[in-house]
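Here are a few exercises to work through with the model open. Try each task before you read its solution.

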Protein chains: 2
Amino acid sequence: MKDEPSYKNRKVITIGVVSELTGLTERQIRYYEERKLIFPERLARGNRKYSFSDVEKLIEIANKREEGVRTYEIRQEMIKETKKENDKKARNKMLRGQINARFGIQKD
Amino acid sequence: MKDEPSYKNRKVITIGVVSELTGLTERQIRYYEERKLIFPERLARGNRKYSFSDVEKLIEIANKREEGVRTYEIRQEMIKETKKENDKKARNKMLRGQINARFGIQKD
DNA sequence: CGTGTAAGGAATTCTGACACG
DNA sequence: CGTGTAAGGAATTCTGACACG
């Protein structure tokens with residue numbers, strides 16, 4: 001289904017660059033992590049690394065914050081999104097399972 | 001022709017991360033720049049930033065170096081590659097020009 | 001030529017805390 | 001709650017140079 005694990009999700013960007021890219025202060029970026037909105041990796045001794053996905057997510061967070069949405073609410077929305085996707089995946093998987101059961105195994 | 005300027009070419013990776021990603025020392029990476037093999041951007045006060053393309057190019061360079069190819073030769077090959085691509089683009093452009101001349105202007 | 005290293009300085013990042021509201 | 005800031009330390013990056021071969 002996915003062709004490249006690729007660039008978009010590789011955690012390689014330092015917080016300083018993320019700050020430039022998003023216009024957020026480092027303080028804000030670290031705080032959103034504390035509130036469980038983003039999950040940077042820690043490569044070398046403690047340094048945070050972000051992906052392009054993280055940068056995009058941060059921009060969305062910034063937009064919502066400007067509208068006055070609280071971090072807690074943003075988190076709830078994110079959880080809902082994730083759940084919806086997982087349900088979808090689960091449905092697809094089940095469907096494939098039924099197809100395989102009736103028509104035999106097939107590559108996907 | 002291209003859909004996204006996108007992730008692959010954005011210069012956002014610091015030299016330390018590039019070093020981890022490629023297995024090259026920072027010294028080597030800076031030297032290849034000196035030899036005009038790669039062209040990082042300088043964002044904040046002097047810090048080098050690389051793209052995923054740069055990382056891939058560096059991996060190719062590392063492979064060639066292992067085979068004993070000199071930086072000068074690698075550069076020559078790169079120039080040849082670039083030239084070939086430019087010629088191709090020029091041909092396409094000319095062709096489009098002729099088509100437009102005969103059949104009228106068309107969006108591309 | 002290609003790479004290592006010691007040198008000294010400047011900029012980055014980190015954490016925990018106090019502040020305001 | 002969300003963000004700013006001063007604090008002190010640790011790690012990063014930079015440049016120019018000397019070294020070896």
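**Exercise 1.** How many residues surround DNA strand C, and which are the closest?

Some ground rules before solving: this is a predicted model, where local features need pLDDT of at least 70, side-chain atom pairs count only at pLDDT 80 or more, and totals for chains, interfaces and linings use all residues. Residues are numbered from 1 along each chain as its sequence is written, chains are lettered from A and ligands numbered from 1 in the order in which they are written, and side-chain values use heavy atoms, with hydrogens and water left out.

*Solution.* Step one: collect the residues near the strand (a heavy atom within 4 Å of it). That gives 20 residues around DNA strand C, and the closest are A:Arg48, B:Tyr31, B:Arg35, B:Arg45 and B:Thr71.

Step two: sort that surface by class, with Ala, Val, Leu, Ile, Met, Phe, Trp, Tyr, Cys and Pro as nonpolar, Asp, Glu, Lys and Arg as charged, and the others, Gly among them, as polar. You get nine charged, seven polar and four nonpolar residues.

Step three: look at the DNA side. Of the strand C atoms within 4 Å of the protein, 79% belong to sugar or phosphate, and the rest to bases.

**Exercise 2.** Find what lies 2.6 Å from a phosphate oxygen of DNA strand C, then say which elements supply the surface near the strand.

*Solution.* Start with polar contacts to the DNA (pairs of N or O atoms within 3.5 Å). A polar side-chain atom of B:Thr71 sits at that 2.6 Å distance from a phosphate oxygen. For B:Thr25, a side-chain N or O atom is 2.8 Å from a phosphate oxygen of strand C. A:Gly16 uses a backbone N or O atom instead, 3.1 Å from a phosphate oxygen.

Now the elements (helices are DSSP runs of H or I with at least four residues, numbered from the N terminus). Two or more residues each come from α1 (15–22) and α2 (26–34) of chain A, and from α2 (26–34) of chain B. The largest share, four residues, belongs to α2(B).

**Exercise 3.** Is B:Ile59 buried or exposed, or in between?

*Solution.* First, place B:Ile59: helix α3 (residues 52–66) of chain B. Next, check its relative accessible area: B:Ile59 is partly exposed because the value is 36%, and that class runs between buried (under 20%) and exposed (over 50%), using a 1.4 Å probe and protein chains only. Finally, look for contacts (heavy atoms within 4.5 Å). Leaving aside neighbours within four places in sequence, B:Ile59 touches B:Leu21 and B:Thr22.

Methods:
Polar contact = N/O pair within 3.5 Å; in protein donor to acceptor, adjacent residues only side chain to side chain.
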